[in-house]
Amino acid sequence: KHPFDLRNPLLENDKPRTILFDGFFTTDETDTIQPYRKIKERDIELIFSQSITSKKKTSSTNISANGNGVLQDKDESKENKSKVETEEQKFVVRGNGSNEFGKFCMEGIYYCNPS
């Protein structure tokens with residue numbers, strides 16, 4: 001059995017994984033019926049599939065604290081920035097369920113940094 005892991009939600013051999021559950025969400029203060037109501041959701045089905053690994057470049061600046069505890073760039077010229085390459089995994093997520101407002105479906109991309 002392959003336990004669920006947020007860093008890789010697929011089954012072995014990158015097969016899609018289906019998760020079934022019931023849940024709830026809470027409305028906010030703008031709910032005209034009753035603020036902060038708990039809305040029950042039933043028969044929620046989420047399907048994770050299609051792992052895509054991509055490389056992402058981010059800027060990294062060398063920063064340190066000076067004697068007064070103030071953070072400052074070690075290189076005042078700002079030329080001390082370096083590009084850091086990290087891996088990012090993407091998974092297609094599809095699902096459906098129902099609550100007191102009716103049936104719903106969802107579709108999107110789940111981004112995950114495996115490290």
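Is R42 buried, exposed or partly exposed? In this predicted model, R42 counts as partly exposed, with a relative accessible area of 42%. That residue is a handy way into the charged pairs, but let's start with the whole chain.

**The overall picture**

There are zero helices here and six strands, so to speak a plain β-β-β-β-β-β run when you read from the N terminus. The chain has 115 residues, and buried ones make up 20% of them. Its accessible surface is about 8800 Å², with carbon and sulfur atoms accounting for 49% of that. If you look at contacts between residues at least 6 apart in sequence, 54% of them join residues at least 24 apart.

**The charged pairs**

Side chains of opposite charge can pair when their charged atoms come close. The structure holds five salt bridges, and three of them are set out here.

| Salt bridge | Closest N to O | Accessibility of the acid | Accessibility of the arginine |
|---|---|---|---|
| D22 and R42 | 3.9 Å | D22, 46% | R42, 42% |
| E100 and R37 | 2.9 Å | E100, 53% | R37, 12% |
| E107 and R94 | 3.7 Å | E107, 66% | R94, 41% |

Take R42 and D22, whose side chains meet in a salt bridge at 3.9 Å, N to O. This pair links distant parts of the chain: R42 belongs to strand β2 (residues 38–60) and D22 to strand β1 (residues 17–26), 20 residues apart. D22 is partly exposed, at 46% relative accessibility.

Next come E100 and R37, with their N and O atoms 2.9 Å apart. Here the link runs between two loops: E100 sits in the one between β5 (82–99) and β6 (102–112), R37 in the one between β1 and β2, and 63 residues separate them. The two partners differ in their surroundings: E100 is exposed, at 53%, while R37 is buried, at 12%.

Then there is E107, which forms a salt bridge with R94. E107 lies in strand β6 and R94 in strand β5, so this bridge ties together parts 13 residues apart in sequence. E107 counts as exposed at 66%, and R94 as partly exposed at 41%. As for networks, D31, R37 and E100 are joined into one by salt bridges that share partners.

**A buried acid with no salt bridge**

What about E41, in strand β2? This glutamate is buried yet has no salt bridge; R42, the nearest side chain of opposite charge, is 10.0 Å away. What the E41 side chain does have is a polar contact with the side chain of N99, at 3.5 Å. Leaving out residues up to four places away in sequence, E41 touches D22, G23, F24, F25, S98, N99 and F104. D22 is thus on that contact list and is also the salt-bridge partner of R42.

**The nonpolar core**

Which residues form the largest nonpolar core? There are seven: L10, I44, L46, F48, F91, V93 and C112. Strands β2 and β5 are the elements that give two or more residues to this core, and β2 provides the largest share, with three. C112, one of the core residues, is in contact with L6, R7, E88, Q89 and F91, leaving aside its neighbours within four places in sequence. Of those contacts, F91 is also a member of the core.

Definitions and conventions:
Residues are numbered from 1 along each chain as its sequence is written. This is a predicted model: local features need pLDDT of at least 70, side-chain atom pairs count only at pLDDT 80 or more; totals for chains, interfaces and linings use all residues. Side-chain values use heavy atoms; hydrogens and water are left out. Helices (H or I, at least four residues) and strands (E, at least two) are DSSP runs, numbered from the N terminus. Buried means under 20% relative accessible area, exposed over 50%, partly exposed in between (1.4 Å probe, protein chains only). Contact means heavy atoms within 4.5 Å. Accessible areas come from the Shrake-Rupley method with a 1.4 Å probe; for residues, only the protein chains shown count as cover. A salt bridge is a side-chain nitrogen of Lys or Arg within 4 Å of a carboxyl oxygen of Asp or Glu. Lys and Arg count as positive and Asp and Glu as negative; His and the chain ends are not counted. A polar contact is a pair of N or O atoms within 3.5 Å; within protein, one must be able to donate a hydrogen and the other to accept it, and residues adjacent in sequence count only if both atoms are side-chain atoms. A nonpolar core is a set of buried Ala, Val, Leu, Ile, Met, Phe, Trp, Tyr and Cys residues joined through side-chain atoms within 4.5 Å.
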